[in-house]
Amino acid sequence: MNPTLRQMRAFVALAKTGNFTLAAQYMHVTQSALSGLIKELEQTLNARVVDRSTRKITLTDIGRELYPLFSQMIDDLDGALANVADHTQLRKGIVRITAPQLMCCTLLPEAIAVYRTKQPDIEVRLADSEVDSVIARVLSGESDIGIGPEREPLPQLETRELFEMPFALVFPQGHPLDSAERVTWQDVTRYPFIALQGQFTERLLADMHAVLREVPLKPANEVTFMTTALAMVSAGLGITVCLPYAEPLARLYQLRMRPLEEPVLTRRFYVYTRAGRSLSPAAESFIDFLFPYVASKRRQAGSN
(Lines give C-alpha, C1' and ligand atoms only; values in the text may rest on other atoms or scores of the structure.)
Protein backbone atom coordinates (compact mmCIF):
# COMPACT_ATOMS: atom_id res chain seq x y z
CA MET A 1 0.00 0.00 0.00
CA ASN A 2 2.16 2.83 -1.36
CA PRO A 3 0.27 5.83 -2.76
CA THR A 4 2.29 7.83 -5.27
CA LEU A 5 3.03 11.51 -4.85
CA ARG A 6 0.87 12.34 -7.88
CA GLN A 7 -2.04 10.44 -6.40
CA MET A 8 -1.69 12.28 -3.09
CA ARG A 9 -1.42 15.66 -4.88
CA ALA A 10 -4.55 14.89 -6.89
CA PHE A 11 -6.48 13.95 -3.76
CA VAL A 12 -5.38 17.08 -1.86
CA ALA A 13 -6.27 19.30 -4.84
CA LEU A 14 -9.70 17.67 -5.05
CA ALA A 15 -10.27 18.01 -1.29
CA LYS A 16 -9.28 21.71 -1.39
CA THR A 17 -11.43 22.65 -4.38
CA GLY A 18 -14.30 20.22 -3.88
CA ASN A 19 -14.62 19.97 -7.65
CA PHE A 20 -13.01 17.73 -10.28
CA THR A 21 -12.85 20.51 -12.88
CA LEU A 22 -11.14 23.01 -10.56
CA ALA A 23 -8.81 20.36 -9.16
CA ALA A 24 -7.78 19.32 -12.68
CA GLN A 25 -7.02 22.97 -13.54
CA TYR A 26 -4.98 23.30 -10.32
CA MET A 27 -3.02 20.17 -11.24
CA HIS A 28 -2.65 21.21 -14.91
CA VAL A 29 -4.11 17.90 -16.08
CA THR A 30 -7.30 16.88 -17.80
CA GLN A 31 -10.36 16.05 -15.72
CA SER A 32 -10.22 12.44 -16.86
CA ALA A 33 -6.56 12.20 -15.82
CA LEU A 34 -7.41 13.58 -12.39
CA SER A 35 -10.30 11.14 -12.03
CA GLY A 36 -7.92 8.32 -12.97
CA LEU A 37 -5.44 9.35 -10.27
CA ILE A 38 -8.19 9.33 -7.62
CA LYS A 39 -9.32 5.88 -8.76
CA GLU A 40 -5.72 4.62 -8.61
CA LEU A 41 -5.38 5.99 -5.08
CA GLU A 42 -8.58 4.26 -3.97
CA GLN A 43 -7.43 1.01 -5.55
CA THR A 44 -4.06 1.33 -3.79
CA LEU A 45 -5.76 1.97 -0.44
CA ASN A 46 -8.55 -0.48 -1.13
CA ALA A 47 -10.91 2.18 0.23
CA ARG A 48 -12.98 5.05 -1.12
CA VAL A 49 -11.68 8.54 -0.26
CA VAL A 50 -14.45 10.62 -1.89
CA ASP A 51 -18.15 10.22 -2.54
CA ARG A 52 -19.08 11.56 -5.96
CA SER A 53 -22.29 13.29 -7.01
CA THR A 54 -23.27 15.18 -10.14
CA ARG A 55 -22.36 18.57 -8.64
CA LYS A 56 -19.84 18.08 -5.87
CA ILE A 57 -17.65 15.61 -4.03
CA THR A 58 -17.65 14.77 -0.35
CA LEU A 59 -14.74 13.26 1.56
CA THR A 60 -15.40 9.92 3.15
CA ASP A 61 -14.37 9.27 6.74
CA ILE A 62 -11.09 7.82 5.46
CA GLY A 63 -10.68 10.78 3.11
CA ARG A 64 -11.15 13.24 5.98
CA GLU A 65 -8.55 11.36 7.97
CA LEU A 66 -6.04 11.28 5.10
CA TYR A 67 -6.48 14.86 3.89
CA PRO A 68 -4.54 16.72 6.67
CA LEU A 69 -1.87 14.01 6.66
CA PHE A 70 -1.32 14.09 2.88
CA SER A 71 -1.55 17.90 2.84
CA GLN A 72 1.15 18.26 5.51
CA MET A 73 3.39 15.73 3.78
CA ILE A 74 3.11 17.61 0.48
CA ASP A 75 3.70 20.99 2.14
CA ASP A 76 6.80 19.64 3.91
CA LEU A 77 8.13 18.09 0.71
CA ASP A 78 7.46 21.21 -1.37
CA GLY A 79 9.14 23.34 1.29
CA ALA A 80 12.19 21.09 1.32
CA LEU A 81 12.41 21.08 -2.49
CA ALA A 82 12.06 24.86 -2.59
CA ASN A 83 14.86 25.14 -0.05
CA VAL A 84 17.08 22.89 -2.16
CA ALA A 85 16.28 24.97 -5.24
CA ASP A 86 17.16 28.17 -3.37
CA HIS A 87 20.54 26.70 -2.48
CA THR A 88 21.32 25.26 -5.91
CA GLN A 89 20.23 28.46 -7.65
CA LEU A 90 22.15 30.55 -5.08
CA ARG A 91 19.08 32.32 -3.74
CA LYS A 92 20.28 31.43 -0.25
CA GLY A 93 23.24 29.78 1.45
CA ILE A 94 26.10 30.29 3.88
CA VAL A 95 29.83 30.04 3.21
CA ARG A 96 32.14 29.70 6.22
CA ILE A 97 35.76 30.62 5.55
CA THR A 98 38.83 30.49 7.77
CA ALA A 99 42.08 32.21 6.83
CA PRO A 100 45.14 33.68 8.54
CA GLN A 101 44.59 37.04 10.22
CA LEU A 102 46.75 38.94 7.71
CA MET A 103 44.75 37.64 4.74
CA CYS A 104 41.53 38.43 6.62
CA CYS A 105 42.45 42.11 6.82
CA THR A 106 43.85 42.48 3.30
CA LEU A 107 42.85 40.21 0.43
CA LEU A 108 39.65 38.53 1.59
CA PRO A 109 37.38 41.41 2.70
CA GLU A 110 37.57 43.01 -0.73
CA ALA A 111 37.08 39.64 -2.42
CA ILE A 112 34.00 38.95 -0.32
CA ALA A 113 32.60 42.40 -1.06
CA VAL A 114 32.97 41.83 -4.81
CA TYR A 115 31.43 38.36 -4.51
CA ARG A 116 28.43 39.77 -2.62
CA THR A 117 27.72 42.15 -5.51
CA LYS A 118 27.40 39.07 -7.72
CA GLN A 119 25.61 36.85 -5.19
CA PRO A 120 23.82 39.17 -2.74
CA ASP A 121 21.71 36.38 -1.24
CA ILE A 122 24.71 34.32 -0.09
CA GLU A 123 25.97 34.96 3.43
CA VAL A 124 29.76 34.78 3.75
CA ARG A 125 31.20 34.34 7.24
CA LEU A 126 34.92 34.99 7.63
CA ALA A 127 36.90 33.75 10.64
CA ASP A 128 40.42 35.05 11.21
CA SER A 129 42.76 32.53 12.73
CA GLU A 130 46.34 31.71 13.54
CA VAL A 131 47.96 30.18 10.47
CA ASP A 132 48.38 26.78 12.06
CA SER A 133 44.70 26.61 13.07
CA VAL A 134 43.25 27.01 9.57
CA ILE A 135 43.38 23.33 8.63
CA ALA A 136 42.11 22.23 12.05
CA ARG A 137 38.98 24.35 11.64
CA VAL A 138 38.31 22.81 8.23
CA LEU A 139 38.79 19.26 9.51
CA SER A 140 36.54 19.90 12.51
CA GLY A 141 33.74 21.15 10.26
CA GLU A 142 33.78 24.66 11.74
CA SER A 143 34.61 26.04 8.29
CA ASP A 144 33.70 24.94 4.79
CA ILE A 145 36.81 26.48 3.26
CA GLY A 146 40.27 27.16 4.64
CA ILE A 147 42.80 29.38 2.89
CA GLY A 148 46.38 29.18 4.06
CA PRO A 149 50.00 28.41 3.26
CA GLU A 150 51.27 25.04 2.16
CA ARG A 151 51.33 22.37 4.85
CA GLU A 152 52.08 18.66 4.96
CA PRO A 153 49.46 16.78 2.92
CA LEU A 154 46.74 14.94 4.82
CA PRO A 155 44.42 12.29 3.35
CA GLN A 156 41.44 14.06 4.95
CA LEU A 157 42.15 17.26 3.00
CA GLU A 158 41.55 18.32 -0.56
CA THR A 159 43.94 21.07 -1.65
CA ARG A 160 43.87 23.48 -4.60
CA GLU A 161 46.72 25.91 -5.15
CA LEU A 162 45.43 29.48 -5.06
CA PHE A 163 48.65 31.38 -5.69
CA GLU A 164 52.43 31.38 -5.27
CA MET A 165 54.12 34.63 -4.22
CA PRO A 166 57.70 35.67 -3.42
CA PHE A 167 58.63 37.10 -0.03
CA ALA A 168 59.01 40.86 0.26
CA LEU A 169 60.94 42.88 2.80
CA VAL A 170 58.99 45.45 4.86
CA PHE A 171 60.66 48.40 6.55
CA PRO A 172 59.80 51.99 7.57
CA GLN A 173 60.05 54.93 5.21
CA GLY A 174 63.46 56.59 5.47
CA HIS A 175 65.11 53.32 6.46
CA PRO A 176 68.70 52.83 5.12
CA LEU A 177 67.39 50.04 2.86
CA ASP A 178 65.06 52.51 1.17
CA SER A 179 67.93 53.85 -0.94
CA ALA A 180 69.38 50.45 -1.88
CA GLU A 181 69.08 49.42 -5.53
CA ARG A 182 67.84 46.02 -4.41
CA VAL A 183 67.45 44.16 -1.14
CA THR A 184 68.67 40.65 -0.36
CA TRP A 185 68.35 38.18 2.47
CA GLN A 186 71.84 39.18 3.52
CA ASP A 187 70.45 42.68 4.17
CA VAL A 188 67.82 41.20 6.49
CA THR A 189 70.52 39.98 8.88
CA ARG A 190 71.81 43.53 9.45
CA TYR A 191 68.70 44.73 11.29
CA PRO A 192 66.44 43.36 14.05
CA PHE A 193 64.18 40.83 12.36
CA ILE A 194 60.59 40.47 13.60
CA ALA A 195 59.17 37.06 12.70
CA LEU A 196 56.03 35.05 13.29
CA GLN A 197 55.88 32.18 15.73
CA GLY A 198 55.41 28.62 14.56
CA GLN A 199 55.79 27.06 11.15
CA PHE A 200 56.08 30.39 9.31
CA THR A 201 59.54 31.07 10.73
CA GLU A 202 60.56 27.40 10.92
CA ARG A 203 59.92 26.89 7.22
CA LEU A 204 61.47 30.22 6.30
CA LEU A 205 64.69 29.46 8.16
CA ALA A 206 64.80 25.97 6.65
CA ASP A 207 64.47 27.42 3.15
CA MET A 208 67.13 30.01 3.92
CA HIS A 209 69.64 27.51 5.26
CA ALA A 210 69.05 25.18 2.31
CA VAL A 211 70.18 27.93 -0.06
CA LEU A 212 72.41 30.23 2.01
CA ARG A 213 73.89 28.34 4.90
CA GLU A 214 76.18 31.23 5.82
CA VAL A 215 73.32 33.71 6.41
CA PRO A 216 72.73 33.84 10.20
CA LEU A 217 69.09 34.88 10.17
CA LYS A 218 67.88 34.92 13.79
CA PRO A 219 64.63 36.60 14.83
CA ALA A 220 65.02 39.39 17.37
CA ASN A 221 61.33 39.03 18.23
CA GLU A 222 58.60 36.51 17.40
CA VAL A 223 54.92 37.44 17.47
CA THR A 224 51.67 35.62 16.75
CA PHE A 225 50.16 37.88 14.09
CA MET A 226 51.69 39.71 11.15
CA THR A 227 49.68 42.81 12.03
CA THR A 228 51.70 42.98 15.26
CA ALA A 229 54.94 42.61 13.31
CA LEU A 230 53.93 45.43 10.96
CA ALA A 231 53.01 47.66 13.89
CA MET A 232 56.42 47.00 15.45
CA VAL A 233 58.14 47.79 12.16
CA SER A 234 56.13 51.02 11.95
CA ALA A 235 57.39 51.90 15.44
CA GLY A 236 60.98 51.47 14.29
CA LEU A 237 61.64 48.27 16.22
CA GLY A 238 62.92 46.25 13.27
CA ILE A 239 62.07 44.89 9.85
CA THR A 240 59.98 41.92 8.73
CA VAL A 241 59.12 39.87 5.67
CA CYS A 242 55.70 38.99 4.32
CA LEU A 243 53.91 38.26 1.06
CA PRO A 244 52.84 40.98 -1.40
CA TYR A 245 49.12 40.45 -0.80
CA ALA A 246 49.68 42.36 2.47
CA GLU A 247 50.73 45.50 0.59
CA PRO A 248 47.49 47.43 1.38
CA LEU A 249 48.13 46.99 5.11
CA ALA A 250 51.79 47.97 4.72
CA ARG A 251 50.62 51.18 3.03
CA LEU A 252 48.24 51.79 5.92
CA TYR A 253 51.19 51.62 8.30
CA GLN A 254 53.16 53.86 5.89
CA LEU A 255 55.74 51.14 5.34
CA ARG A 256 57.83 50.28 2.31
CA MET A 257 57.66 46.84 0.71
CA ARG A 258 60.29 45.58 -1.70
CA PRO A 259 60.98 42.21 -3.36
CA LEU A 260 63.68 40.12 -1.71
CA GLU A 261 66.43 38.65 -3.88
CA GLU A 262 69.33 36.22 -3.54
CA PRO A 263 67.46 33.97 -3.34
CA VAL A 264 63.87 34.56 -4.41
CA LEU A 265 61.88 32.51 -1.90
CA THR A 266 58.18 31.90 -2.46
CA ARG A 267 55.19 30.61 -0.58
CA ARG A 268 52.23 28.74 -1.97
CA PHE A 269 48.76 29.31 -0.58
CA TYR A 270 46.02 26.74 -0.95
CA VAL A 271 42.28 26.44 -0.66
CA TYR A 272 41.62 23.61 1.78
CA THR A 273 38.39 21.60 1.98
CA ARG A 274 37.51 18.26 3.53
CA ALA A 275 38.13 15.34 1.22
CA GLY A 276 35.20 13.09 0.43
CA ARG A 277 32.60 15.64 1.48
CA SER A 278 30.57 17.61 -1.04
CA LEU A 279 30.58 21.35 -0.61
CA SER A 280 27.35 23.33 -0.59
CA PRO A 281 26.48 25.13 -3.85
CA ALA A 282 27.26 28.42 -2.09
CA ALA A 283 30.75 27.27 -1.05
CA GLU A 284 31.46 25.92 -4.54
CA SER A 285 30.28 29.21 -5.99
CA PHE A 286 32.66 31.20 -3.79
CA ILE A 287 35.63 29.00 -4.71
CA ASP A 288 34.77 29.31 -8.41
CA PHE A 289 34.77 33.09 -7.94
CA LEU A 290 37.92 33.29 -5.80
CA PHE A 291 40.41 31.74 -8.21
CA PRO A 292 39.84 34.11 -11.16
CA TYR A 293 39.48 37.03 -8.72
CA VAL A 294 42.93 36.40 -7.21
CA ALA A 295 44.42 35.87 -10.67
CA SER A 296 43.00 39.21 -11.87
CA LYS A 297 44.35 41.01 -8.78
CA ARG A 298 47.81 39.61 -9.44
CA ARG A 299 47.66 40.72 -13.08
CA GLN A 300 46.69 44.21 -11.94
CA ALA A 301 49.54 44.30 -9.43
CA GLY A 302 52.00 43.13 -12.09
CA SER A 303 50.94 45.86 -14.53
CA ASN A 304 51.39 48.66 -11.96
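**Group meeting: a pocket, a sheet and a buried threonine**

Okay, let's start with the largest pocket, which comes out at a volume of about 640 Å³. There are 23 residues lining that pocket, and the ones closest to its centre are Pro244, Tyr245, Glu247, Lys297 and Ala301. Before I go on, please keep in mind that this is a predicted model.

So who builds the wall? Helix H6, at 107-118, strand E6, at 157-166, helix H11, at 247-252, strand E12 and helix H12, at 281-303, each put at least two residues into the lining of the largest pocket. And which element gives the most to that lining? That's H12, with seven residues.

While we're on H12, have a look at Phe291, which is found in that helix. Is Phe291 buried, partly exposed or exposed? Its relative accessible area is 24%, and buried would need under 20%, so Phe291 counts as partly exposed. If you skip residues up to four places away in sequence, Phe291 touches Arg160, Glu161, Leu162 and Val271. If you want a distance along the helix region, the C-alpha atoms of Phe291 and Ala301 are 10 residues apart along the chain and separated by 16 Å. Ala301, remember, was one of the residues closest to the pocket centre.

Next, the sheet that E12 belongs to. Four strands make an open sheet, ordered E8-E12-E7-E11, with mixed pairing. E8, at 183-184, and E11 stand at the edges with a single partner strand each, so one side of each has no neighbour in the sheet. Helix H10, residues 226-234, packs on this sheet and touches E7, E11 and E12. The direction of H10 makes about 140 degrees with that of E11. Inside the sheet, E7, residues 168-172, and E12, residues 255-261, run antiparallel and are joined by five bridges. To find the register, pick Pro172, which stands opposite Leu255 in E12.

Staying with H10 for a second: Met226, Thr227, Ala229, Leu230, Met232 and Val233 are buried in that helix. Just after H10 you'll run into Gly236, with a positive phi of about 85 degrees.

Now for the threonine. Thr240 lies in edge strand E11, residues 240-242. Thr240 has a relative accessibility of 1%, so it counts as buried. What does the side chain of Thr240 reach? It gets to the backbone oxygen of Ile194, at 2.6 Å. Leaving out neighbours within four places in sequence, the contacts of Thr240 include Ala168, Leu169 and Val170, as well as Phe193 and Ile194. Thr240 is also in contact with Met226, Ala229, Leu230 and Val233, and those four are among the buried residues of H10.

Last stop, strand E5, residues 145-149. This strand is mostly covered, with five of its five residues buried. Which strands does E5 pair with? One is E3, residues 94-100, which runs parallel to E5 with two bridges between them. Here Ile97 stands opposite Ile145 in E5. Another is E13, residues 266-274, which pairs with E5 in the antiparallel sense over four bridges. On that side, Pro149 stands opposite Phe269 in E13.

That's the tour. If you open just two spots afterwards, I'd pick Thr240 with the backbone oxygen of Ile194, and the H12 part of the pocket lining.

Key: Residues numbered from 1 in each chain as written. Predicted model: local features only at pLDDT ≥ 70, side-chain atom pairs only at ≥ 80, totals over all residues. Heavy atoms only, no water. Buried < 20%, exposed > 50% of the residue type's maximum accessible area, 1.4 Å probe, protein only. Polar contact = N/O pair within 3.5 Å; in protein donor to acceptor, adjacent residues only side chain to side chain. Contact = heavy atoms within 4.5 Å. Pairing = 2+ DSSP bridges. Axes fitted to C-alpha atoms, helices over the stretch in contact; angles between N-to-C directions. 1 Å grid on protein atoms, 1.4 Å probe; cavity = no way out; pocket = protein on both sides within 12 Å on 5 of 7 lines; lining within 4 Å. Points joined across faces, edges and corners; volume = space filled by probe spheres on them.
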